[in-house]
Amino acid sequence: MEEAWSRTLARAGVTPGEGGAPAVTGVPLALGRLAASGRRLGPGAEAALPATVAACRLTHEIGAPLAQVLERSAHGLTEAGQARAARAVALAGPRASARLLGVLPAAGVLMGAAVGADPVAFLLDGGAGSACLLAGAGLMVVGHRWVAALERSARHAGD
């Protein structure tokens with residue numbers, strides 16, 4: 001089994017080191033060295049490494065077939081990745097809408113100036129225009145925080 005893990009990791013371009021005896025915990029030496037090295041791997045591999053080490057330990061302790069445990073772990077990681085991608089797609093629309101709504105006030109001021117009005121003078125006149133400016137800025141901040149909270153909630157709901 002040690003040889004298979006070493007070859008598999010070598011084919012993937014990972015060389016965790018050589019020598020030593022198999023780990024007592026049931027984790028192959030090559031895999032254990034890779035996990036202990038702290039080496040940066042791709043996002044999928046970084047998510048799979050702890051699950052793989054845990055699967056090796058579990059199968060060593062209870063005597064279950066490693067292939068089936070690894071297959072189920074891989075299936076779970078695949079589903080988690082698909083759910084994460086689906087959340088990202090679902091959040092793309094609201095995120096784009098929030099950006100558009102954030103740009104609209106500035107676009108309105110520019111369009112007002114383009115047609116000959118003086119929106120800046122109105123907004124800074126100290127009267128109703130200034131009240132509108134403050135109310136609009138406050139509502140933009142509230143809206144931005146609300147969208148950020150909804151986004152955080154959606155991310156944490158899937159974790």
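## Overall architecture

The protein chain contains 6 helices and 0 strands. The model is a predicted one. Read from one end of the sequence to the other, the chain follows the pattern α-α-α-α-α-α.

Of the 159 residues in the protein chain, 17% count as buried. Contacts between residues at least 6 apart in sequence include many that span a greater interval: 47% of them join residues at least 24 apart.

## The nonpolar core

The largest nonpolar core has 13 residues, and Leu-31, Leu-49 and Cys-56 are the members that touch the most other members. Helices α1 (2-11), α2 (29-37), α3 and α4 each supply at least two residues of this core. The leading contributor is α3, which gives 4 residues. As a general tendency, nonpolar side chains in soluble globular proteins are buried together.

Cys-56 deserves a closer look. Its relative accessibility is 1%, and Cys-56 therefore counts as buried, the limit being under 20%. Leaving aside residues up to four places away in sequence, Cys-56 touches Trp-5, Thr-25, Gly-26, Val-27, Pro-28, Leu-31 and Leu-66. Leu-31, one of these partners, is also among the core members with the most contacts to other members.

## Cysteines

Cys-132 presents another case: at 47% relative accessibility, Cys-132 counts as partly exposed, because this value lies between the 20% and 50% limits. The model has 0 disulfides, a disulfide being defined as a pair of cysteine sulfur atoms within 2.5 Å.

## Helix α3 and its surroundings

Helix α3 covers residues 43-62 and includes Thr-59. With a relative accessibility of 10%, Thr-59 counts as buried, because the value is under 20%. Not counting residues up to four places away in sequence, the contacts of Thr-59 are Ala-64, Pro-65, Leu-66 and Val-69. Leu-66 is also touched by Cys-56.

Ala-54 is likewise found in helix α3. Ala-54 has 42% relative accessibility and so counts as partly exposed, since that figure falls between 20% and 50%. From Ala-54 to Val-69 the separation is 15 residues in sequence and 9.8 Å in space, taken from C-alpha to C-alpha. Val-69 is also one of the residues that Thr-59 touches.

## Helix α1 at the surface

Arg-7 is found in helix α1. At 54% relative accessibility, Arg-7 counts as exposed, because the value is over 50%. Arg-7 and Ala-30 are 23 residues apart in sequence, and their C-alpha atoms are 9.4 Å apart in space. Helix α1 also supplies at least two residues of the largest nonpolar core.

## The largest pocket

The largest pocket holds about 410 Å³ of space. It is lined by 17 residues, of which Ala-98, Leu-101, Gly-143, His-144 and Val-147 are the closest to its centre. In general terms, empty space of this kind is revealed by rolling a probe the size of a water molecule over the atoms.

Helices α4 (66-114) and α6 (128-158) each supply at least two lining residues of the largest pocket. The largest share comes from α4, with 9 residues. By class, the lining of the largest pocket consists of 10 nonpolar, 4 polar and 3 charged residues. Helix α4 thus has a part in two features described here, as it also supplies at least two residues of the largest nonpolar core.

Conventions: Residues numbered from 1 in each chain as written. Predicted model: local features only at pLDDT ≥ 70, side-chain atom pairs only at ≥ 80, totals over all residues. Heavy atoms only, no water. Buried < 20%, exposed > 50% of the residue type's maximum accessible area, 1.4 Å probe, protein only. Contact = heavy atoms within 4.5 Å. 1 Å grid on protein atoms, 1.4 Å probe; cavity = no way out; pocket = protein on both sides within 12 Å on 5 of 7 lines; lining within 4 Å. Points joined across faces, edges and corners; volume = space filled by probe spheres on them. Nonpolar A, V, L, I, M, F, W, Y, C, P; charged D, E, K, R; others polar. Core = buried A, V, L, I, M, F, W, Y, C linked by side-chain atoms within 4.5 Å.
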